[in-house]
Amino acid sequence: SPRRDIMSTPEQHRAQPAPAPAEGAEPDPGSRYEAVVPHWFYCKVTDSRERWVPFSSQDSERLEEAQSSGKEEVVVPTSGGRYDVHLQKRQRVAVYWEEEVSEVRRCTWFYKGDKDNKYIPYSEAFSEELEEAYRLAVTLDEWKKKLESPSREIIILHNPKLMVHYHPVATSDDWGSTPTEQGRPRTVKRGVENIAAEIPNGEPLQIDHLVFVVHGIGPACDIRFRSIVQCVNDFRSVSLSMLQAHFRKAQEQQQIGRVEFLPVNWHSSLHSTGVDVDLERITLPSINRLRHFINDTILDVFFYNSSTYCQTIVDTVASEMNRLYQLFLQRNPLFKGGVSIAGHSLGSLILFDLLTNQKAAPEEDEHSQEGSRTTSSHGGIKEVKEILEKLELSEYCDVFEKERMDRQALLLCTEENLKEMGLPLGPRMKILHYISLKREMQVCVLPGFVSRNKPKSPLPQVSANYPQLDYKPSIFFAFGSPIGMFLTVRGVKRIDPNYSLPTCKGFFNIFHPFDPVAYRIEPMIVPDLEFEPMLLPHHKGRKRMHLGKGKGSPSPLPGVAAAAPSPTPTSCLSELKEGLTRMSVDLKNNLLGSLRVAWQSFTRAPLPAVEAPAANGDTEAEAGVEKQPEIKPEETPAAVKEETPLINVGRLNGGNRIDYVLQEKPIESFNEYLFALQGHLCYWESEDTVLLVLKEIYQTQGIALDQPLPGSQ
């Protein structure tokens, strides 16, 4: 049978151990009986192992109220509305994504064996039998009660503080042994308060903002091969911790609730088109696992660059986000907040292409296109002249001008058309060769890139019909994004500083310094100026000891105090020691099985994610240190500010900076190649990333952090 235990999941917030029972809390013999307080659990099965997970306190109370109402077919939303519990069927069902149905149980009695890490709940029916036996024993003061479980195991209630569970005795009868001789018994406990289970308090009911999160290549999203649902659960859990730590004032004043993050899955739809069967037929049999991994992950990049499968992907992403949005509004009719979108790796490129093809206002868009056809005719003819000059055919400019030929018309020309215009064979061949090269690129410049001030912004995509979203996103967050690289490969050398996404005014490109897939955006807008990305503030106001030295370190940020004391190495050394200690212990216990855990340990801070803000003096001191490279004593704060003037990076993020780089951890600085893969997969549990997301989202609502982050804009 699968192994069972009780544990908390990352999605459950602020887990606190149930209070341990005080001495004498359980009734003494002869004391008055008090009914046990039930708590609700659900069962998660992973790799044939069952985990009994407690619902949050508020969810358990709602379930108990619904149970007491006596109504049939009651459905209770739980886990922030992401799961429904069908009470009569005792099932927990995911609302927004596909997931195995979980068993739900109203738990009052628990047991734990020698090999069990946590207590396991008895079935509801047998728990009722145990409770009845316990009630009689307390009421009549008669103990040594013996019960037989459905699996013929024996439970003996010796006294209120000693209740044991013995293994089956059927096979032992031939030996004449008694239950006490059947090995060490299991411990039995009554009530969830006696088993030290970590019961989460739950999530705020109010949802201020909705964020859709789109994954990158492959079905797995992190080094532990977890799905997008699990990774977004981590991201949401970290966001709740960051809200408690950095938005405490706003929470106490009930100005804010929380931000909801919902995963968007497109990989399964792509690979259900039958393409996997086609690939299997042509895949070589050698190194089978590696080839299967490539087919399932790396090829997603090539699929997106194919116009056929690109259409499938963008249709899936857009329709899934629209479906989730409408479903969310149905379930939250009072929701008045905004919507943002986030993409990891290839997912960010998909979202970028979708956003560049959105229409802000259909009527206005049609009007602007109509106007551009009449007012920009001269510009189109001029563009054709430039093409002819490149092809050394300037003498034919008058011919094309007479025919009112712009660039679009030129690309539609056939050899017959050029013959009718009277062009000799040589010029015809040159022009036709140019047209064929442009067609082979399989890209199209769409009206969404038309700038109000300039004719066109050269931002091409794979040729596809890009669907429209049902909402206008407030902000677009890109994590570990290859957008810059793909634009360059598509032939884009520069992004017009006046260009902005039609329906989305915010854009943040967030990356780890060792992420091999991430590329910058700002140098494509300001190509003639060399400057570093913004260094992302640490969520605890610290600065890594090893940062700020040498070429390539992010430059000081505008408006940050420079005359701050040097950072003490204590926190960084303890963080480094913690990371190394975790890895060594894992390797000692299980070399092969610990590799994933060791990777995981590098991405987690050695201190708890939730930390109360420091005293004002400490906070100010650390804030000055946060993003400052070491400066010479003779340099003044004013001098530093003069050296780092504000940089105009265009309208893509409303005039604000776009590129943000995370601070690597001390252990990561030892070998950047070793941590490259982890750098691409670190964003889901990165407090610094989550805090920037929350800060920017709540800034749109006029709500600021309790303490300003150093280096914040």
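Q: Why is E401 called partly exposed in this predicted model?
A: E401 has a relative accessible area of 36%. Buried would need a value under 20% and exposed one over 50%, so 36% falls in between and the label is partly exposed.

Q: And what makes K385 buried, partly exposed or exposed?
A: Its relative accessibility is 31%. That value also lies between the 20% and 50% limits, so K385 counts as partly exposed.

Q: How do you know that E401 and K385 form a salt bridge?
A: Look at the closest N and O atoms of the two side chains: they are 3.5 Å apart. The limit is within 4 Å, so the pair qualifies. E401 belongs to helix α13 (residues 397-402) and K385 to helix α12 (residues 377-390), so the bridge ties together parts that are 16 residues apart in sequence.

Q: What makes D659 and R520 a salt bridge?
A: Here the N to O distance is 2.9 Å, and because the cut-off is 4 Å, the pair counts. The partners come from distant parts of the chain, 139 residues apart: D659 is in strand β24 (residues 659-661), while R520 is in the loop between β22 (506-511) and α18 (522-525).

Q: Which of the words buried, partly exposed or exposed fits D659, and which fits R520?
A: D659 has a relative accessible area of 0%, so it is buried. R520 has 22%, which is not under 20% and not over 50%, so R520 is partly exposed.

Q: How do you know that R236 and E260 pair up, and what does the pair tie together?
A: Their closest N and O atoms are 2.8 Å apart, which makes the contact a salt bridge. R236 lies in helix α3 and E260 in strand β17 (residues 258-264), so parts 24 residues apart in sequence are tied together. Both ends are buried by the 20% rule, because R236 has 0% relative accessibility and E260 has 1%.

Q: Which network of salt bridges includes R236 and E260?
A: R82, E203, R236, R258 and E260 are linked in it. Across the whole structure, a search finds 23 salt bridges.

Q: What makes helix α3 largely enclosed?
A: Of its 19 residues, 18 are buried, so the rest of the structure largely encloses the helix.

Q: How do you know that the length of α3 agrees with what a helix should span?
A: The 19 residues, which run from 228 to 246, should span 27 Å at 1.5 Å a residue. The C-alpha atoms at the ends are 26 Å apart, which agrees.

Now to the rings.

Q: How many aromatic pairs does a search of the whole structure find, and why is the pair of Y111 and Y122 called tilted?
A: The search finds 21 aromatic pairs. Y111 and Y122 have ring centres 4.8 Å apart and planes at 45°. The centres are within 6.5 Å, so the rings pair, and 45° is neither under 30 degrees nor over 60, so the pair is tilted. Y111 lies in strand β9 (residues 109-112) and Y122 in the loop between β10 (120-121) and α2 (124-140), so the pair ties together parts 11 residues apart.

Q: Are Y111 and Y122 buried or exposed?
A: Y111 has a relative accessible area of 13%, so it is buried. Y122 is at 6%, so it counts as buried too.

Q: Why does the pair of F212 and Y471 get its name?
A: The planes meet at 40° and the centres are 5.7 Å apart, so this pair is tilted. It links distant parts of the chain, with F212 in strand β16 (residues 207-214) and Y471 in the loop between β20 (461-462) and β21 (475-479), 259 residues apart. Both residues are buried.

Q: How do you know where the charged end of R92 sits?
A: The charged end is over the ring of Y42, 3.7 Å from its centre, and also over the ring of Y83, 3.5 Å from its centre.

Q: Which residues touch the most other members of the largest nonpolar core?
A: F212, M321 and F476 do, in a core of 103 residues. Helix α9 (residues 307-331) gives the most to this core, with 10 residues.

Q: Why is P533 called buried?
A: P533 has a relative accessible area of 7%; the limit is under 20%, so it is buried. P533 sits in the loop between α18 and β23 (534-535).

Technical notes. Residues are numbered from 1 along each chain as its sequence is written. This is a predicted model: local features need pLDDT of at least 70, side-chain atom pairs count only at pLDDT 80 or more; totals for chains, interfaces and linings use all residues. Side-chain values use heavy atoms; hydrogens and water are left out. Rings of Phe, Tyr and Trp (its six-membered ring) pair if their centres lie within 6.5 Å; planes under 30 degrees apart count as stacked, over 60 as edge-to-face and the rest as tilted. Helices (H or I, at least four residues) and strands (E, at least two) are DSSP runs, numbered from the N terminus. Buried means under 20% relative accessible area, exposed over 50%, partly exposed in between (1.4 Å probe, protein chains only). A charge sits over a ring if NZ of Lys or CZ of Arg is within 6 Å of the ring centre and within 35 degrees of the ring normal. The expected span of a helix is 1.5 Å times one less than its number of residues. A nonpolar core is a set of buried Ala, Val, Leu, Ile, Met, Phe, Trp, Tyr and Cys residues joined through side-chain atoms within 4.5 Å.
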